[in-house]
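Dear colleague,

I am passing on a structure for you to look at alongside your own notes. Please open it first and then read the remarks underneath.

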Amino acid sequence: MNRARILWLLFAVAAIAQVAIPLALIYRFEHILAKGEPVHFRMTPRDPYDPFRGRYMRLNFSIGTNHPIAEATSLVRHQTAYAILDIDPDGFATVKELTPYKPWKGRFLKVKVTWAQGSTAAFVVPFDRYYMNETRAPEAERQLAERLRNTASTTNTDPALSKDYAIVRLLDGRGVVEDLVLDGKPIREWLKESEGRQSSGIIR
């Protein structure tokens, strides 16, 4: 095989990979949305000084800190682990325990450990994006951050009230944010009402 043909084959493989990888990611994203179990996750405010990164809103969740490690196991920083999830009486996801072993069944989430000491550990939630129209995402993110900060300043319990949460589809340890609910309404509906209040001079 001559040099020209080898170069051509390498170029073809690279071109196919550039198309195949994004398509595979899109398929996985849509498959989780279609087949995954909907679970509610409480949101918390994030740093308002972070730069906006694209056609999506950035999200923070309260679920990732200080959870028990499964008995007879241990975890270290940067290790992959699995958060075994439960649902509290209010319908929100909680972590029962963290384990280094993938469960055979049940509700769980694949995570990356950020801190571990003794029998407790913390992790990064593997979903932090909600995609929407790029012309609306920056303003929507600003309003979400403002609402969550105001909520946190007016409650002494959880920084996000039960009316503000993300609906996340879970499937085989992976999660995709399906929708955001603010004040009991889907975010697109909430934003329309918010714009209506601002245009009429009503501020809430």
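Below is what was found, beginning with how the values were obtained.

This is a predicted model, in which local features need pLDDT of at least 70 and side-chain atom pairs count only at pLDDT 80 or more, while totals for chains, interfaces and linings use all residues. Residues are numbered from 1 along each chain as its sequence is written, and side-chain values use heavy atoms, with hydrogens and water left out.

An open sheet is formed by five strands (DSSP runs of E, at least two residues, numbered from the N terminus) in the order β4-β8-β7-β5-β6, with antiparallel pairing, where two strands pair if DSSP finds at least two bridges between them. Its edge strands, each pairing on one side only, are β4 (67–68) and β6 (93–99). Two bridges join β4 to β8 (residues 120–124), and Pro68 has Thr120 as its bridge partner in β8.

Turning to the rings, those of Phe, Tyr and Trp (its six-membered ring) pair if their centres lie within 6.5 Å, with planes under 30 degrees apart counted as stacked, over 60 as edge-to-face and the rest as tilted; six aromatic pairs result. Phe41 and Phe61 make an edge-to-face pair, 6.1 Å centre to centre with 75° between the planes, which links Phe41 in strand β1 (residues 37–44) to Phe61 in strand β3 (residues 60–61), 20 residues apart. Phe41 is buried (under 20% relative accessible area, against over 50% for exposed and partly exposed in between, with a 1.4 Å probe and protein chains only) at 1%, and Phe61 is also buried, at 12%. Ring pairs join Phe41, Phe61 and Phe127 into a cluster.

With best regards

Definitions and conventions:
Helix = DSSP H or I, 4+ residues; strand = E, 2+ residues; numbered from the N terminus.
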